[in-house]
Amino acid sequence: DGFSADRLFSQGYSYTYDDVIFLPHYIDFPTDAVSLSTRLTRNIDLSLPCVASPMDTVTEDYMAAAMAALGGIGIVHSNCTAADQARLVVSAKSRRVPIFSSSLDVFKAPDGFINDANDFDGSNYVFVTESGTRRSRILGYVTKSDWENLSDNKVKIFDYMRDCSSNVSVPANYDLGQIDEVLEKNDVDFVVLEKDGERLDVVTREDVERLKGYPNLGKGTVGPDGKWMVGAAIGTRDSDKERLEHLVKAGVNVVVLDSSQGNSSYQIEMIKYAKKTYPELDVIGGNVVTMYQAQNLIEAGVDGLRVGMGSGSICTTQEVCAVGRGQATAVYKVSSIAAQSGVPVIADGGISNSGHIVKALVLGASTVMMGSFLAGSTEAPGAYIYQNGCRVKKYRGMGSLEAMTKGSDQRYLGDKAKLKIAQGVVGAVADKGSVLKFIPYTMQAVKQGFQDLGASSLQSAHDLLRSRTLRLEVRTGAAQVEGGVHGLVSYEKKSF
Ligand code: XMP
């Protein structure tokens with residue numbers, strides 16, 4: 001019944017995730033028995049197969065820390081100076097709690113006002129920071145009772161806030177368990193995280209209670225230095241050798257050679273240079289979509305391969321350059337050859353739901369790299385804006401003119417290109433809340449997909465696929481419509 005993967009993918013068609021569907025297999029274990037632990041590279045293990053893409057509207061320090069806290073990893077983008085990129089790596093690695101750990105929106109600037117009780121967002125405190133957001137230095141706090149005792153609401157926060165000097169502080173590298181103990185022992189509602197005498201952040205009892213519910217948090221992806229593992233992107237120019245040196249000094253755990261067509265003499269030279277100069281550092285090559293491209297980079301010594309060309313939500317490479325491959329075919333083909341050398345594959349781009357993640361992982365990838373899926377989260381760089389009544393954040397391709405103007409042109413253009421041709425677009429994505437909330441749900445859905453296929457791990461899924469036990473089919477246009485929500489009219493509750 002159905003087709004085996006090797007037969008389905010050798011018919012001369014380029015299939016995307018939506019084109020194919022797995023036939024269900026046999027279940028003899030519960031969903032919770034499914035393990036999604038995996039490898040990012042030859043030497044880096046992850047407990048969650050999720051990687052945040054090196055894009056300047058996706059991964060900086062906040063995202064990298066949160067992804068590591070979840071058991072995945074973030075790759076810090078390189079559309080900034082080497083020194084700034086290294087600073088982002090250091091910042092992401094500097095704490096053992098996700099930086100954006102609070103679900104509460106209780107930050108204000110000292111020259112602001114507290115207008116009504118809603119400003120406390122259910123908490124007993126409003127924290128005062130330089131800029132009024134969580135992303136700047138903590139100056140003090142206001143208690144709800146102090147605010148209630150004000151005779152006049154028009155008093156500036158600065159005039160009645162308390163400073164944090166008498167509050168309990170802990171070193172910024174304390175993990176959730178240690179912070180929990182301090183909260184209990186001192187019977188306080190929050191602690192201040194300090195590093196070198198500077199107050200970096202606060203962690204509240206609510207933060208700890210909420211995060212304790214997620215199985216991977218508290219463990220996360222931790223490197224030999226006892227800090228979060230963080231990756232960073234680099235290019236293949238001579239100046240990238242200097243960038244690499246900065247990043248290694250900052251403690252980066254893995255680098256991604258960021259190119260839309262990775263099978264080039266420039267990239268192969270860079271792989272060899274990086275492996276020779278920093279033998280302990282794992283190097284991910286790409287992007288590739290064919291077995292030939294993959295084999296060249298494997299021979300050059302990569303520890304991981306990034307797969308995808310033109311499959312990303314903001315990509316126009318396939319239209320502009322007539323080059324690329326459907327992502328399901330690309331992931332299957334590259335993974336088949338990479339597996340022979342023990343090189344893990346990252347399925348990069350085109351993920352817009354949990355089903356796409358199941359498909360990528362079962363077709364042979366060890367992890368998925370995501371841009372648009374993460375760009376609307378609180379941890380992504382940039383501020384939310386309101387557009388037609390919706391809260392959105394900007395998301396842009398690194399090959400868009402706007403991003404290239406800031407410096408990312410070498411991913412898409414050769415060294416000497418004089419005319420900039422865009423291979424990506426600028427758009428916006430809807431507010432999704434914190435990755436700490438929605439990634440655990442997404443992963444639970446992925447586990448259910450694995451259970452339906454009778455695969456209790458990535459390895460067993462790959463074995464079932466290669467032994468031709470797992471069967472697939474191509475979905476016709478009508479089958480795709482049938483597989484989505486259809487035939488409904490919108491339902492509005494009306495009182496007659
Ligand atoms: P998603 O679908 O997750 O894709 O938003 C993210 C991936 O898309 C790639 N990328 C681009 N590809 N033009 C392209 O052709 C671009 O401007 C561009 N920017 C990012 C990249 O591989 C990323 O991880």
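Reader: Which atom of the ligand does the backbone of Q423 approach, and at what distance?
Author: A backbone N or O atom of Q423 lies 2.4 Å from a nitrogen atom of the ligand. A polar contact here is a pair of N or O atoms within 3.5 Å; within protein, one must be able to donate a hydrogen and the other to accept it, and residues adjacent in sequence count only if both atoms are side-chain atoms.

Reader: How much of the ligand does the protein bury?
Author: The protein buries 97% of the 520 Å² that the ligand exposes when taken alone. Accessible areas come from the Shrake-Rupley method with a 1.4 Å probe, and for residues only the protein chains shown count as cover.

Reader: What sort of model is this?
Author: This is a predicted model, in which local features need pLDDT of at least 70 and side-chain atom pairs count only at pLDDT 80 or more, while totals for chains, interfaces and linings use all residues. Residues are numbered from 1 along each chain as its sequence is written, and side-chain values use heavy atoms, with hydrogens and water left out.

Reader: Back to the ligand. Which residues come nearest?
Author: C315, T317, D348, Y395 and Q423 come nearest, of the 26 residues around the ligand. A residue is near a molecule or strand if one of its heavy atoms lies within 4 Å of it.

Reader: How does that shell divide by residue type?
Author: It divides into 8 nonpolar, 15 polar and 3 charged residues. Ala, Val, Leu, Ile, Met, Phe, Trp, Tyr, Cys and Pro count as nonpolar, Asp, Glu, Lys and Arg as charged, and the others, Gly among them, as polar.

Reader: What do the side chains of S53 and S313 do there?
Author: A polar side-chain atom of S53 lies 2.7 Å from an oxygen atom of the ligand. For S313, a polar side-chain atom is also 2.7 Å from a ligand oxygen atom.

Reader: Which elements each supply at least two shell residues?
Author: β18 (367-370) and α15 (401-412) do. Helices (H or I, at least four residues) and strands (E, at least two) are DSSP runs, numbered from the N terminus.

Reader: New topic: where does UniProt place the "binding site" feature?
Author: The unreviewed UniProt entry places it at D258, S259, S260, G308, M309 and G310. These positions span 53 residues in sequence, yet no two of their C-alpha atoms are more than 14.1 Å apart, so they gather at one spot. UniProt positions are given in the numbering used here, feature names are shortened, and annotations may be inferred rather than shown by experiment.

Reader: Is G308 buried or exposed?
Author: G308 counts as buried because its relative accessibility is 7%; buried means under 20% relative accessible area, exposed over 50%, and partly exposed in between (1.4 Å probe, protein chains only). G308 sits in the loop between β16 (304-307) and α11 (317-321).

Reader: And what does G308 touch?
Author: Not counting residues up to four places away in sequence, G308 touches N287, V288, V289, Q327 and D348. Contact means heavy atoms within 4.5 Å.

Reader: Where is V288, then?
Author: V288 lies in strand β15 (residues 282-288) and is buried, with a relative accessible area of 0%. Leaving aside neighbours within four places in sequence, its contacts include L305, V307 and V334.

Reader: What about G310?
Author: G310 is placed in the loop between β16 and α11. At 23% relative accessibility, G310 counts as partly exposed.
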